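Subject: Handing over a structure

Hi there,

Here is the structure I promised to pass on to you. Have a look at it first, and then read on below for what I found.

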Amino acid sequence: MNILVCLSQVPDTTTKISFSSDNKELNKAGVQYIINPYDELALTKALELNEASGGGSITVVHVGGADAEPVLRKALAIGADQAVRIDTAPMDARQVAGEIAHFVSSASFDLVLAGRESIDYNGGLVGGMLAEYLDWPLVNVATSIEGGAGGSMIVCRDMDGGREKLEVNLPAVITCQKELTEPRIPNMRGIMAARTKPLQVLAPQGKGADMHVLDHALPPSRQACQFFGVHQMNELVEALHQQAKVL
Amino acid sequence: MKILVYAEQQDGQLKKSALEAVSFARQSFESLGDLNITVLLGGQVDTQAAADLGLYGANSVWMPSENILNTFEVHLHSLAIQQALAESGAEVLVMAHTYCGKSLVPRLSVAWDAVLAAGVNGIPECAADGSWKVQRTVYSNKGIASYAVSGARRILSFLPNALKPVECGSPCSVTPWNVSVNTGAARTRSLELQKVQGKIPLTEAERVISGGRGLKGPEHWHLIEDLAEVCDAATACSKPVSDMHWRSHDEHVGQTGITIKPDLYIAVGISGAIQHLAGVSSSKTIVAINTDQEAPFFKVADYGVVGDAFEVLPQLTQAIRRLRKG
């Protein structure tokens, strides 16, 4: 299959978040960037699907600036065949999805995989928007993906209060959830090969964003912890009942 | 202003998020005056339950005449909502940012060409020029971003538990509504449904009891489950616990798991790594139980117990049982 994996870069999960003095953007000093963990699962799944079927090619696409190229090289080292960067600084999910949709319609992919959300803006919107732009089916939050009969895929997805196994015809957009697979660590051969794999930079189509960030803030700090002894459970329950009013 | 609210149901029962969605729309835009809220039910439910959405601010409720929407298929529901948007003349669509909502709103924002404010954590501030200011958590709860939203068509989806439904009206009319979408428009075929039976869905739960490595093994989870049972809570766990397969991954709360905002979160034997706190720090009240008094969880907890879970939990369960018996 020809599979496209949508990739974003995000601050490492251990990052302590702070914002610039005008609160307009993340304070990037000292922040380590990684492949969005859910996108990394999507990439690994793409490799597994093509290894199982014995063919096809994997392209990773990122909408953003040149600072994301180390992350794209890492994706090539993990095993993607080529990388594409659409060179713009997107402001919202609609802009990202619009750019990727434009790219997809100029190529021939059977399947688009994306993370179920990015762990920076946590929108979880790009996959669904992309599916609508392309008029392809969407399966959101997949925990397993297997090839089915006659070019379809069998997918398990998380839903409210349970899980559903369903069949979807290709081409389709599927977003990836934890449990789908385990991420791969690139080996030395992969890292060497990544240096010469193609990384193409495309000009943006130029659609603007709908949503504009006014400012950022840190979550309000909490009151100091009130401690109870191991044998003061009645007192703790009383506090939860009378003071916090949550029991 | 005309608003369409999409209200979710499951197995013929309105979900908690359906009440929240109606109340969210009413509380958000009441102050603007001349508000008309039409509710599209995402499937057939009991007529009285549908009429009672009027209590929370609905002006009218549309009940699908056909059973085609009773099970959730994202493409059918997306088309039905577009039909209802056109027929109602709504300028704003409101729904909950549940799994269903997360699949629907991105598709709808493109299909209906609307500006999308997704997963907001409270009611919008409405400015005189007609724009809204909305807030949503970013960086997995480690930050809050404010956005300006304007445009002729808008979609607003809110996090479950973002507000308490408030009664403000009386039961309203329920009108049969003909769905013009047919089953041929479905693009996925459901093969099997596994529903979690008898358990409170984690994202909807008002109280959550969560266990970590301090429980020392899955065989001790009855302590968590007993406590959850006496306070009608859902159960959850930390990432190491789901990674070791002590509990299924759909119980994992944290940065790469589920993000929740219950009224009460009790963390047992969880140290409070930054990734875990990211998923739970919006909880209204946090209780941490840990043997290590230096555990980071005590820095964000409202109430703490330094002690062994095996000793603390049975006593806590007993104390809550006594309270509930009154």
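What follows is a short tour, from the place where the chains touch to a few spots inside each chain.

Before anything else, please keep in mind that this is a predicted model.

Let me start with the two chains together. On the chain B side, 71 residues are in contact with 63 residues of chain A. Helix α4 of chain B, residues 99-111, gives the largest share of that side, with 9 residues. By type, the residues on this side of chain B split into 34 nonpolar, 23 polar and 14 charged.

The chains also share a sheet. It is an open one of 4 strands, in the order β12(A)-β10(B)-β9(B)-β8(B), with antiparallel pairing. At its edges are β12 of chain A (212-217) and β8 of chain B (125-126), each of which pairs on one side only. As background, strands of a sheet pair through backbone hydrogen bonds, in either a parallel or an antiparallel way.

The link across the chains is made by β12(A) and β10(B), which run antiparallel and are joined by 5 bridges. Within chain B, strand β9 (residues 132-138) is joined to strand β10 (residues 143-149) by 7 bridges, again antiparallel. A good residue to click on is B:Ser146 in β10(B): B:Gln135 has it as bridge partner, and A:Asp215 stands opposite it.

Elsewhere in chain B, take a look at strand β1, residues 2-7. This strand is mostly covered, as 5 of its 6 residues are buried. It runs parallel to strand β4 of chain B (residues 36-41), and 6 bridges join the two; here B:Lys2 stands opposite B:Asn36. β1(B) also pairs in the parallel sense with strand β6 of chain B (residues 92-96), over 3 bridges. In that pairing, B:Leu4 has B:Leu93 in β6(B) as its bridge partner.

Last, a residue of chain A: is A:Ala42 buried or exposed? It counts as buried, because it has 31 C-beta neighbours inside 10 Å, and 20 or more are enough for that label. A:Ala42 is found in helix α1 of chain A, residues 37-53. Apart from neighbours within four places in sequence, its contacts are A:Val5, A:Leu113, A:Ala114, A:Gly115 and A:Cys176. A:Leu180 is 138 residues away from A:Ala42 in sequence, yet their C-alpha atoms are 8.2 Å apart in space.

Happy exploring, and do write back with any questions.

Best wishes

Key. Residues are numbered from 1 along each chain as its sequence is written. Chains are lettered from A and ligands numbered from 1 in the order in which they are written. This is a predicted model: local features need pLDDT of at least 70, side-chain atom pairs count only at pLDDT 80 or more; totals for chains, interfaces and linings use all residues. Two strands pair if DSSP finds at least two bridges between them. Two residues are in contact if their C-beta atoms, placed from the backbone, lie within 7 Å. Ala, Val, Leu, Ile, Met, Phe, Trp, Tyr, Cys and Pro count as nonpolar, Asp, Glu, Lys and Arg as charged, and the others, Gly among them, as polar. A residue is buried if 20 or more other C-beta atoms lie within 10 Å of its own, exposed if 12 or fewer, and partly exposed in between; C-beta atoms are placed from the backbone.
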